[in-house]
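User: I am new to this structure. Please take a close look at how one chain is divided into domains and where those domains touch. Then tell me how far the model can be trusted.

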Amino acid sequence: MEFITMIINGLSIGGTYAMIALGYTMVYGIAKMLNFAHGDIIMVGGYTIVLFFPISPILGIIASVIFCVTVGIVVEKTAYKPLRGASPLAVLITAIGVSKLLQSAAQIFIGSESKGVTVNLGEIRMGEIKINVLTLITIACSAAVMVALTLFVKYTKTGRAMVAVSEDRGAAQLMGINVNFIIMITFIIGSALAAVAGVFLVFKIQDVGTTFGAMPGIKAFAAAVIGGIGSIPGAMVGGLVLGFIEAVCGMVPALSPYTDAIEFAILIIVLLVKPTGFLGKKRREKV
Amino acid sequence: MAKFIDSVKKRIKAMFPEKIQRKTIESDYVLETESLGISFGGLKAVQNVNLKISKNQIYGLVGPNGAGKTTVFNLLTGVYQPTEGTFYLNGEELRGLPQEETNHKGIARTFQNIRLFNNMSVVRNVMVGLHNQEEYKCSVLESVLRLPRHFKVEKEMRERAKELLDIFGLLEERNNLACNLPYGKQRKLEIARALATNPKLLLLDEPAAGMNPHETEDLMNTIRLIRDKFDMTVLLIEHDLKFVSGLCDKITVLNFGTVLAEGTAEEALNDPEVVKAYIGN
Amino acid sequence: MKKSFKSFAKHYMNYAVIAAVMLIFTILALATPMKASTSLLFQKITVAVIMAVSLSLVVGFLGELSLGHAGFMSIGAYLGGKIALVIIEGGDLEASNILVFVLALVIGAACAALCGFIVGFAALRLRGDYLAIVTLAFGEIVRVIFTNTSSESFGGALGLKSPSFSMKKTYILVIIGFVLILFTLFVIQNLLRSKAGRAITAIRDNEIAAKATGINVTKHKLMVFVISAAFAGVAGVLFSYANSPIKADTFDFNYSIEILVMVVLGGMGSINGSIISATLITILNDKLTVYLSGDNAVFKDLFYALILILIIIYNNAPALKGFREKYNLRNLVNKIIKPKHDPSAVRDDAARWDVVPTKIEMNEVLSTDLVIDKVGRGDDSADIRERGGNK
């Protein structure tokens, strides 16, 4: 019984991480930058749903997606675009600056005390197992998102252009692909996924503060790296791996305070054994 | 999943390389390779290469693109480890040594795409090459505590580096950043740095690539000068057949990773097999 | 004689400046009662400078990105502080006993160095972003472990009550801090301006060429990580004496980032730049906290973030390149100090360090998603097949 509960929990946590990790991995693959502000987009999404929830939950979800996408575009255009072609480290530091900026802006507009919503969609009973409906929705939704994204990348023109840009930006540009547009699309998709993940996190944790997105952000980054950063299926695999570790640790009282440490330790071990993550491509410098 | 476990096994094995028993043989040659070969997966990139290079020879390795010339260099410098065969430097087997130790044993190289320490000055580039010489030994502790030895060694290394740069006509540029040198001088600096490691065998990977006829002529003289002045043995890869036939005492022609012909430049380049490989039927 | 003096002055200027500041501080502290806040600010600066200089060794000179530098500091702070506490309580000594402090320093530095050695091993196999996430993970692991310790061992979430000097003697800690900065500078600067330093920068510039030139990459990388971690440990012990109780959350990811920002803004590969920017950023942070109190406190982070973003964009945006080259501080300084530049007058030792910049463009760090590991022990066939049989 416990085993099944654990699997379901793992899927739901892992699905959420995977959605965030997809944002990291796509931005990394296409814009070649580590977007440390990604975690704070989750926070923006979380706050928006909290504000709009009393009016209408559905409206709240739509609003948070729209708002996150707007923030994503604005950040990309104002902070990252001027630095295109500059060094990755400069972009990384800017992303850290943006992350702090979003956190402090949220604090100014909303205040420092954390807010939350209460969602109860009831439970489904199957014999002795009780499953929260919300958990099921999370799993279904993240699975749908992943399938949709995979199909998008594989079968649409824009999706294939994304793959081309991630392989070789210069060559893609020569083939007539508008690289700036593709990067913007990437940020839009990433931010929308972060918004959805933010909504699910709010429903689960029911408590939003300004640093609400930081830890899930870092863990999703870890998930992306475990799976092989730059690889879309890799982000899913990495997210699920972390989700299951967290679910297992959650069931063992002795381990639960050390959950984060265990996750990061597994990250280090995976990287030491396979330096590019599970599904990452190895690019070797030719001598 | 099975593939992943397989690759993990390989990685773990790679972390603990097996001890290789290296032997010493009697050899009259500076470099002797014994059916040297490597395969990547199923692909045999290089196989059955037997080179015998005598002292003070300038030896050419030629062949069409993708013939495996640079792979041979990578095998000889420890970038790749051979899957078949072995090689000896002055009779000492060097198979399985990491890159830096291959260099300590006496094989230095340059690269096809120039690899300098771009953000360091020209003279410091050469001083890096002098790092491991016995006479410039100075421990980290001595340096940090600024004991007299540190100053002495630094001064001597600088003098030696300047001597080397003088030979290559780079003395004037010694305080420039390496990346600011013109192309031809970058090539020369790379050779100077390789020579600074005091090798017994110098490997030059396409030294004349991208040079105009005048620069090529200049380079030929430089290579001869290196041989005479440093008592050096040189193995070089080159596409420019005029360059090769004008300079090399002996050449080996590679195609698809196997030896096609060898001998003096004239003999080897007129070999019907070689003509076929280059021009077609 | 004059020439050698000039070169001497150039090389050791930073010691002189720091010693002068230390002297002025000491005189002021002894002559007038110093405000606690001033003393605290100086104390923060000393810790930040040691952290920035030690991180600059890894990021600016070895060219690897570390996002877990605070983790090493944490280890130094906790283990050094705990040892000092045990000795002081066991021997019934005064908290300001200098010998105990020195012992704590040595032990804190040694423990941090040991961890640096372990992280250094990861650095042998990983590069760029992958190494960055491993260092980040290391920092977080350290934080989680110290947070979950029992209250008897390391205080757990409540923090470790570390030995501290009495309020009146805080200035002594600042003076010790200055001495430690000088020591850090002595070791790291001398290391970099020697054979080993040349090897380290060679590895940064081109690892493959460094190997082919006979540089032992393993040894030098491990050395850099160990030394850098050891000095972070030193900063940690200093911190634990100045702050009681110390909490693991202080040394989180954000703190690592703050140090990294200091190094980056100071100019990669410039020790003096790191010292200056660590000082300025710490002062800026402190002043913003003072002026923006109460309701305005929230604006502090906003300003900090904005300033950071603007500086980075100004310094790095490709579109602003022409503007930067025309109007920058160096040109201004050159205009004032050196009226004309005569290339023929470049002296022999001009390449010794300061005239020829060893600064690297930022993109040399982190630009590589390549993995250069011990290739080709015949074990990499799978990976090569992934690239379509390319050799």
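Analyst: Chain B of this predicted model is divided into two parts: domain 1 covers 17-106 + 199-281, and domain 2 covers 120-198. Domain 1 of chain B is thus written as two segments, 17-106 and 199-281. The C-alpha centres of domain 1 and domain 2 of chain B are 27 Å apart.

Now the place where they touch. On the domain 1 side of chain B, 13 residues make contact; on the domain 2 side, 12 residues do. Which elements of chain B supply at least two residues each to the domain 1 side? They are α3 (99-105), β8 (201-205) and α8 (213-230) of chain B. Of these, α8(B) gives the largest share, five residues. By character, the touching residues of domain 1 of chain B divide into seven nonpolar, four polar and two charged.

Next, confidence. The model as a whole scores ipTM 0.90 and pTM 0.87. Chain C has a mean pLDDT of 81, with 83% of its residues at 70 or more. Its elements vary. Helix α9 (residues 217-242) of chain C has the highest mean pLDDT, 95. Helix α15 (residues 381-386) of chain C has the lowest, 34. Over residues 343-391 of chain C, the pLDDT is below 50. That stretch still has 105 contacts in the model, beyond near neighbours in sequence. Predicted coordinates should not be read in detail where pLDDT is low.

How values were computed
Residues numbered from 1 in each chain as written. Chains lettered and ligands numbered in written order. Predicted model: local features only at pLDDT ≥ 70, side-chain atom pairs only at ≥ 80, totals over all residues. Domains from an automatic or database assignment. Contact = placed C-beta atoms within 7 Å. Helix = DSSP H or I, 4+ residues; strand = E, 2+ residues; numbered from the N terminus. Nonpolar A, V, L, I, M, F, W, Y, C, P; charged D, E, K, R; others polar. pLDDT = per-residue confidence, 0-100.
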